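Colleague: Could you take a close look at one part of this model for me, going through the charged residues and the strands that carry them? I would like a connected account rather than a list.

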Amino acid sequence: MQAVDTTGGRAMYWGTGRRKAAIARVRLVPGSGQLIVNGRPGDNYFGYNANYLSVAKAPLETLGLESEYDILVKAIGGGLTGQSDAIRLGVARALCQLDPENRSPLKSEGYLTRDPRAKERKKYGLHKARKAPQYSKR
């Protein structure tokens, strides 16, 4: 499925990624390889940690398309790690929409698998999810 932007007539591909409490709505647009997160350049948004950028762009690098598409992201919730992993999943899903042939290399790298780990809920009688009050026999 291909969505067409009515303003410029450019082809856009959508993907949604989630990780922990983070949600990323990703658009792939033909361009020069920029990453824009919430209206800010990716290196500005993620700060000095280049690892977040490389994680977010990993699916494009796997297919050799890193300089052909711009990544436009609306990310909410979670922290930078969760958001970068959510962006990675959204980019991978958008690339599958772009061309179904992209699915097998992305699947083999594990980019299409949503990480199910999330914060465990707090239980009553405990300080946190598993941390119990200190026990003393006397």
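Modeller: A salt bridge is taken here as a side-chain nitrogen of Lys or Arg within 4 Å of a carboxyl oxygen of Asp or Glu. With that criterion, a search of the whole structure, which is a predicted model, finds five salt bridges.

I begin with Asp 115, which forms a salt bridge with Arg 19, the closest N and O atoms being 3.4 Å apart. This pair links distant parts of the chain, since Asp 115 belongs to the segment after α4 (103–109) while Arg 19 belongs to strand β2, and the two are 96 residues apart. Arg 19 counts as buried because its relative accessible area is 10%, and the cut-off for that class is under 20%. Asp 115, at 21% relative accessibility, therefore counts as partly exposed. Asp 115 also takes part in a salt bridge with Arg 117, where the closest N and O atoms are 2.8 Å apart. Arg 117 has a relative accessibility of 56%, so this residue counts as exposed.

Another salt bridge is formed by Lys 123 with Glu 120, with 2.5 Å between the closest N and O atoms. Both residues fall in the intermediate class: Lys 123 counts as partly exposed because its relative accessibility is 24%, and Glu 120 counts as partly exposed because its relative accessibility is 36%. As for connections through shared partners, salt bridges join Arg 19, Asp 85, Asp 115 and Arg 117 into one network.

From Arg 19 the description can move to the strands. Arg 19 stands opposite Ala 22 in β3, and Gly 17 stands opposite Ala 24 in that strand. These positions belong to the pairing of β2 and β3, which is antiparallel and runs over seven bridges. The two strands form a hairpin with two residues between them, and Lys 20, in the turn, has a positive phi of about 55°. Lys 20 is accordingly found in the loop between β2 (11–19) and β3 (22–30), and the positive phi is noted there for a residue other than glycine.

Lys 20 counts as exposed because its relative accessibility is 54%, and the cut-off for that class is over 50%. On the surface, Lys 20 gathers with Lys 119, Lys 128 and Lys 131 in a patch of positive charge. The residues admitted to such a patch have over 30% relative accessible area and no salt bridge, and Lys 20 is one of the members. The hairpin turn of β2 and β3 thus holds a residue with a positive phi that also contributes to the positive patch.

On β3 there is a further pairing to describe, because two strands pair if DSSP finds at least two bridges between them, and eight bridges join β3 to strand β6 (residues 69–76), the two running antiparallel. Within this pairing, Leu 28 stands opposite Ile 71 in β6. β3 is therefore described with two antiparallel partners, β2 and β6, given that pairing criterion.

Strand β6 also holds Lys 74, which counts as partly exposed because its relative accessibility is 42%. The C-alpha atoms of Lys 74 and Arg 25 are separated by 5.2 Å, although these residues are 49 residues apart along the chain.

One further backbone feature can be set beside the turn at Lys 20. Asn 38 has a phi near 50°, again a positive value in a residue other than glycine, and Asn 38 lies in the loop between β4 (35–37) and β5 (40–41). Asn 38 counts as partly exposed because its relative accessibility is 32%, whereas Lys 20 counts as exposed at 54%.

To draw the charged part together, Arg 19 in strand β2 is linked with Asp 115 in the segment after α4, and Asp 115 forms a salt bridge with Arg 117 as well. Lys 20, in the loop between β2 and β3, is instead part of the surface patch of positive charge.

Definitions and conventions
Residues numbered from 1 in each chain as written. Predicted model: local features only at pLDDT ≥ 70, side-chain atom pairs only at ≥ 80, totals over all residues. Heavy atoms only, no water. Patch = residues over 30% accessible without salt bridge, like charges linked within 9 Å, V, L, I, M, F, W, Y side chains within 5 Å. Areas by Shrake-Rupley, 256 points an atom, 1.4 Å probe, with all protein chains shown as cover. Lys, Arg positive; Asp, Glu negative; His and termini not counted. Charge placed at Lys NZ, Arg CZ, Asp CG, Glu CD. Helix = DSSP H or I, 4+ residues; strand = E, 2+ residues; numbered from the N terminus. Buried < 20%, exposed > 50% of the residue type's maximum accessible area, 1.4 Å probe, protein only.
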